[in-house]
Amino acid sequence: MSDLTQSHNEVIEASWKRCRSFGLNPKSAPAIIRLNKGDWEDAQGKSRDLIVTTQEQVLPYYENILVNSNSLVLLADSSGNLLSRWGRPGFINQMESHLFEQGTSWLERFNGTNAVGTALQTGESVVVGRDEHYLIANRYMTASAAPIFNSERELVGVLNISSDAYLPTSHVNGMVKVMTQSVENQLIMATYRQHYYTLVFNNSEDNHTSQWAGLLVFNDAGEIVAANRRADLLVGHVLKGLNIEMVTGITTLKLSAHPENQTLSFLGISNYRLFGTLKRPLTNMIRAPQSPLSSVKIKSEPKPTKIASGERQLSDLDLGDMKMQKAIKRAASVANSDIPLVIQGETGAGKEVFAKAVHASSDRADKKFVAVNCAAIPTELVESELFGYVKGAFTGANNKGSMGYIRQADGGTLLLDEIGDMPLHVQARLLRVLQEKAVTPLGSTESYPVDFRVISATHQPLREAVFKKQFRDDLYYRINGLTLFLPSLSERSDINALVIHLLDGLTVGDSPPISNEVLRLFEQHPWPGNIRQLVNTLRVALALSGGSMIHLHHLPDDFFLDLETPSEKPEATPHEQIEMTPSLVVSWRESLPELYSATEGNITRIAELSGVSRNTIYKRLRELGIK
Ligand SMILES: Nc1ncnc2c1ncn2[C@@H]1O[C@H](COP(=O)(O)OP(=O)(O)OP(=O)(O)O)[C@@H](O)[C@H]1O
């Protein structure tokens, strides 16, 4: 028996011992302990950043790797309460489905030995096989879980994959660890990237920007203020609080002046050669904290660097496409006025990002930007969510009352996303707010003055909704000072520049190069999910390429499925374009080995993708010695 197995067994044995001491009986059903509504809302509020960040990190894996498996990804908070879940619950024992509902506790004391509860208890990642569950009722599944620590190294949650035992354990365990490290890195970056230097490093030049790289953050005095667990492991010290000069053997001044795109190598205290890349703060540095309290202050600042929430200015969105340039130019000319804007574009085309850039380019930039997705709020709650309510205004209302999104946006910008889905009675009320510049919360007689700029976003022409009497015409004229049209991704001529820009935002260090074949396919792709789909594709490609050059075989399967699906648009399909362009045919010949591996040797698919006959493909493969 290896040490590893032994220590695993020890972990399980210790957990069973705890379960016995809790008085659990293996034959009993798990106790379903769920938070009440108020506590659940508090728990959710406390973990909001964690939930959002995890969702961003988990979804690409789920959508592209786990989607065909019977598995569930679970996120629990540090008290063991289930916060979110993604995936297919088909494998869950019907009797147990309540256990997988949000707000339910997965602590060992209620649910026996289980990956979430045991990882929380030990602070370590753990795999719990079917029969290792303490309660017999749980022995139909296997699970892997890993704890998540925030930038202060406080345990903030646990990420878990449960499945029907047909997924290879080592694979799932590895995936959970990669996801957790990605979440932890994002939490560190969201807190510090704006004002601090970040150094991403590893023990070889090839892998220093991979998902598994060490990440540390230091201030302009050289003090390390945060580091991920991998960084500590690589250097062999707890890095927080140490000086970067001691760790790298390079002066802070020299380090901070190092070019961002050049690998640096250092020995420092680890005595192993390490390789890294440095990123300078995005904005002017906050001076080194003088007291422990000052770092708390920094933490409480808005966390702006996640890809979905950057402080991009309108000019940052100009990557060369003419339709985008037109929208940007028009928006910039009215950015400082309060002219209400309607942004129209397909889903995922970047309407929210555009609206944020308008806000960031306006003189309201230092005030709040509040986005409300009208389609995502249940109809009966839209009114209370927007206008707020006073304590006890309706059954189920939060007992503290709520300010509502409109008052939250006071002084700043309010984005009403998918405004076409707003119920008619709410439209009437919104119109009143816009006319009177004051809001009256539900259940209140008092009204509060508000001053905000309104931007609306929609994927369908609002005019049509007006004709169909689904949208009030008086509100339409009130919110529609100027309509801006965002092109869909497949129409854009600047896809290459956008890919580079997105990769830069998705990677901690230098972004990896991307093969010409991939870039060419990106230009051919119909991109029904627009930039959102491109971001997800790049995330998977980054994870699968491990930080080295992105090739076709790093792209997710559904990317190719979309390519095969004939486009509904009247323009030429990707196939036709390929066949009409001799230079592309040549490039397809050159990229045959990659295509062969990306399609797992499916000759019919390669023939379809390349527009060349199956016989020609066979011939070329034989020439290359592949078949
Ligand atoms: N210029 C950009 N730079 C970087 N990321 C972008 C850009 N535009 C869009 N994205 C990313 O693409 C995704 C979709 O963008 P966004 O939410 O703004 O689209 P949307 O049109 O509002 O979508 P929906 O209609 O579904 O609400 C987000 O992850 C966003 O961060």
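These exercises with worked solutions walk through one predicted protein model.

Residues are numbered from 1 along each chain as its sequence is written. In this predicted model, local features need pLDDT of at least 70 and side-chain atom pairs count only at pLDDT 80 or more, while totals for chains, interfaces and linings use all residues.

**Exercise 1. The whole protein**

Task: State how many helices and strands the protein has, and what share of its residues is buried.

Solution:
- Start with secondary structure: the protein has 26 helices and 17 strands. Helices (H or I, at least four residues) and strands (E, at least two) are DSSP runs, numbered from the N terminus.
- Turn to burial: 40% of the 627 residues count as buried. A residue is buried if 20 or more other C-beta atoms lie within 10 Å of its own, exposed if 12 or fewer, and partly exposed in between, with C-beta atoms placed from the backbone.
- Finish with contacts: of those with a separation of 6 or more, 65% join residues 24 or more positions apart. A contact needs C-beta atoms, placed from the backbone, within 7 Å.

**Exercise 2. The antiparallel sheet**

Task: Give the strand order of the open antiparallel sheet and find its edges.

Solution:
- Write the order: five strands run S8-S7-S6-S10-S9, with antiparallel pairing. Two strands pair if DSSP finds at least two bridges between them.
- Find the edges: S8 and S9 (264-266) each have a single partner strand, so one side of each is left without a neighbour in the sheet.
- Add the twist: neighbouring strands are turned by 30° against each other on average, direction ignored. Axes are lines fitted to C-alpha atoms, for helices over the stretch in contact, and angles run from 0 to 180 degrees between N-to-C directions.
- Check the S9 end: S9 and S10 (residues 274-279) are joined by three antiparallel bridges. Phe266 has Leu274 in S10 as its bridge partner.
- Place the helix: H6 lies across S6, S7 and S8, at about 15° to S7.

**Exercise 3. Strand S7**

Task: Explain why S7 is largely enclosed, then name its partners.

Solution:
- Count: five of the five residues of S7 (residues 214-218) are buried, so the rest of the structure largely encloses this strand.
- Sort by side: Gly214, Leu216 and Phe218 point one way, Leu215 and Val217 the other, and all are buried.
- Take one partner: S6 (residues 197-202) pairs with S7 over five antiparallel bridges. Tyr197 stands opposite Phe218.
- Take another: three bridges join S7 to S8 (residues 224-227), also antiparallel. Leu216 has Ala227 in S8 as its bridge partner.
- Look at the hairpin: five residues lie between S7 and S8, and Gly222 there takes a positive phi near 90°.

**Exercise 4. His195 and Asn9**

Task: Decide for each residue: buried or exposed?

Solution:
- Locate His195: its place is the loop between H6 (169-192) and S6.
- Classify: His195 has 20 other C-beta atoms within 10 Å, so His195 is buried.
- Find a distant partner: Arg280 is 85 residues away in sequence, yet 8.3 Å away from C-alpha to C-alpha.
- Locate Asn9: this residue is in H1 (residues 3-21).
- Classify: Asn9 has 12 C-beta neighbours inside 10 Å, so Asn9 counts as exposed.
- Find a distant partner: Glu132 is 123 residues along the chain from Asn9, with 9.2 Å between their C-alpha atoms.

**Exercise 5. The parallel sheet**

Task: Give the strand order of the open parallel sheet and say which helix packs on S11 and S17.

Solution:
- Write the order: S12-S13-S16-S11-S17, with parallel pairing.
- Find the edges: S12 (369-373) and S17 (482-485) each pair on one side only.
- Add the twist: the average is 20° from one strand to the next.
- Check one pair: S11 (residues 341-344) and S17 share four parallel bridges. Leu341 stands opposite Leu482.
- Place the helix: H11 (residues 322-334) touches S11 and S17, and its direction makes about 150° with that of S17.

**Exercise 6. The ligand shell**

Task: Describe the residues around the ligand by distance, class and origin.

Solution:
- Pick the nearest: of 20 residues, these are Gly350, Lys351, Glu352, Val353 and Ile531. A residue is near if its C-beta atom, placed from the backbone, lies within 6 Å of the molecule.
- Sort by class: nine are nonpolar, seven polar and four charged. Ala, Val, Leu, Ile, Met, Phe, Trp, Tyr, Cys and Pro count as nonpolar, Asp, Glu, Lys and Arg as charged, and the others, Gly among them, as polar.
- Trace the helices: H12 (351-360), H18 (495-506) and H20 (530-545) each supply at least two shell residues.
- Trace the domains: domain 3 (322-485) and domain 4 (492-623) each give at least three. The domain bounds come from an automatic or database domain assignment.

Notes
Contact = placed C-beta atoms within 7 Å.
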